[in-house]
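I opened a notebook for this structure and looked up a few things in turn. The entries follow in the order I made them.

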Amino acid sequence: MKWKKIHLKILYTLLFACVFSSGHSTSLNTQTSIVQVPQTQQFRPQDFEKQLERFITTEAGLTAEEATAFFPLFHKFKKEQRKIFKSINNCSKRIEKENLTEAECEKILHEIETLQKQSSQAQSKAMKEWRKIISASKILKVLNADHRFGKHFYRKMTRGNRHHSQKSK
């Protein structure tokens with residue numbers, strides 16, 4: 001049991017590092033809302049994507065031509081990353097649900113390491129493609145804006161959930 005907890009801590013630490021390796025937030029403008037999340041409406045991925053694109057375009061100073069060329073590649077990268085993170089998450093669920101031997105835990109750790117390498121390789125490949133479209137400084141601004149947007153969206157969604165759960169009590 002103690003071994004599983006150690007593996008979980010390592011796994012979550014690595015997962016956290018992967019998810020937030022894109023950059024870190026500087027400061028958020030609290031007067032303007034980055035993300036519009038209607039309280040009564042369900043999450044709609046296409047709306048999220050449009051808001052993300054608008055925010056990144058503004059924050060990174062992308063031209064219309066740059067945005068048109070950049071975002072298909074960006075979304076392809078993000079989709080690949082989500083797939084990898086989902087696989088890592090599935091590994092962590094196996095640790096929680098199954099009574100695993102030491103050898104099985106080692107196999108899972110090796111699988112996680114492989115997935116993390118895939119994630120890193122995908123990021124390197126994406127950045128090479130992005131450099132053909134936008135400058136390095138704009139790539140950094142994109143990564144920062146993406147991180148800030150995601151962080152703000154998560155906070156807004158969890159605040160909304162807390163608000164709704166408190167109302168229903």
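**Entry 1: two helices crossing.** I began with helix α2 (residues 45–60) and helix α3 (residues 64–97), whose axes come within 12 Å and cross at roughly 125°. Because angles from 65 to 115 degrees count as roughly perpendicular and those over 145 as roughly antiparallel, I put α2 down as oblique to α3. I noted the crossing of α2 past α3 as right-handed. For the contact, I listed Glu 49, Leu 52, Glu 53, Ile 56 and Thr 57 on the α2 side. On the α3 side I listed Ala 67, Phe 71, Phe 74 and His 75. I should record here that the model is predicted.

**Entry 2: Val 142.** I next went to Val 142, which I found in helix α5 (residues 136–168). Is Val 142 buried or exposed? Its relative accessibility is 0%, so I entered Val 142 as buried. I then looked up what Val 142 touches, leaving out residues up to four places away in sequence. The list reads Ile 56, Ala 60, Leu 62, Phe 70, Phe 74 and Ile 134. Ile 56 and Phe 74 were already in my notes, as residues of the contact between α2 and α3. Val 142 and Ile 56 lie 86 residues apart along the chain, yet I read 5.8 Å between their C-alpha atoms.

**Entry 3: Glu 66.** I stayed with α3 and looked up Glu 66, which has its place in that helix. I counted Glu 66 as buried, because its relative accessibility is 16% and the cut-off for buried is under 20%. Which residues is Glu 66 in contact with, leaving aside neighbours within four places in sequence? I wrote down Gly 61, Ile 133, Ile 134 and Lys 138. Ile 134 also stands in my list for Val 142.

**Entry 4: helix α4.** I turned to α4, which runs over residues 102–131 and has 30 residues. From its first C-alpha to its last I read 44 Å, close to the 44 Å expected at 1.5 Å a residue. I then listed buried residues of α4, among them Ile 108, Leu 109, Ile 112, Leu 115, Ala 122, Met 127 and Trp 130. Polar names appear in the list too, including Gln 116, Ser 119 and Gln 123.

**Entry 5: cysteines.** Cys 105 of α4 is also in the buried list, and I found its relative accessibility to be 2%. I looked up Cys 91 as well and counted it as buried, because its relative accessibility is 2%. How many disulfides does the structure hold? I entered zero.

Technical notes
Residues numbered from 1 in each chain as written. Predicted model: local features only at pLDDT ≥ 70, side-chain atom pairs only at ≥ 80, totals over all residues. Heavy atoms only, no water. Helix = DSSP H or I, 4+ residues; strand = E, 2+ residues; numbered from the N terminus. Expected span 1.5 Å × (residues − 1). Buried < 20%, exposed > 50% of the residue type's maximum accessible area, 1.4 Å probe, protein only. Disulfide = S-S within 2.5 Å. Axes fitted to C-alpha atoms, helices over the stretch in contact; angles between N-to-C directions. Parallel < 35°, antiparallel > 145°, perpendicular 65-115°, else oblique. Left-handed = near helix turned anticlockwise from the far one by under 90°. Contact = heavy atoms within 4.5 Å.
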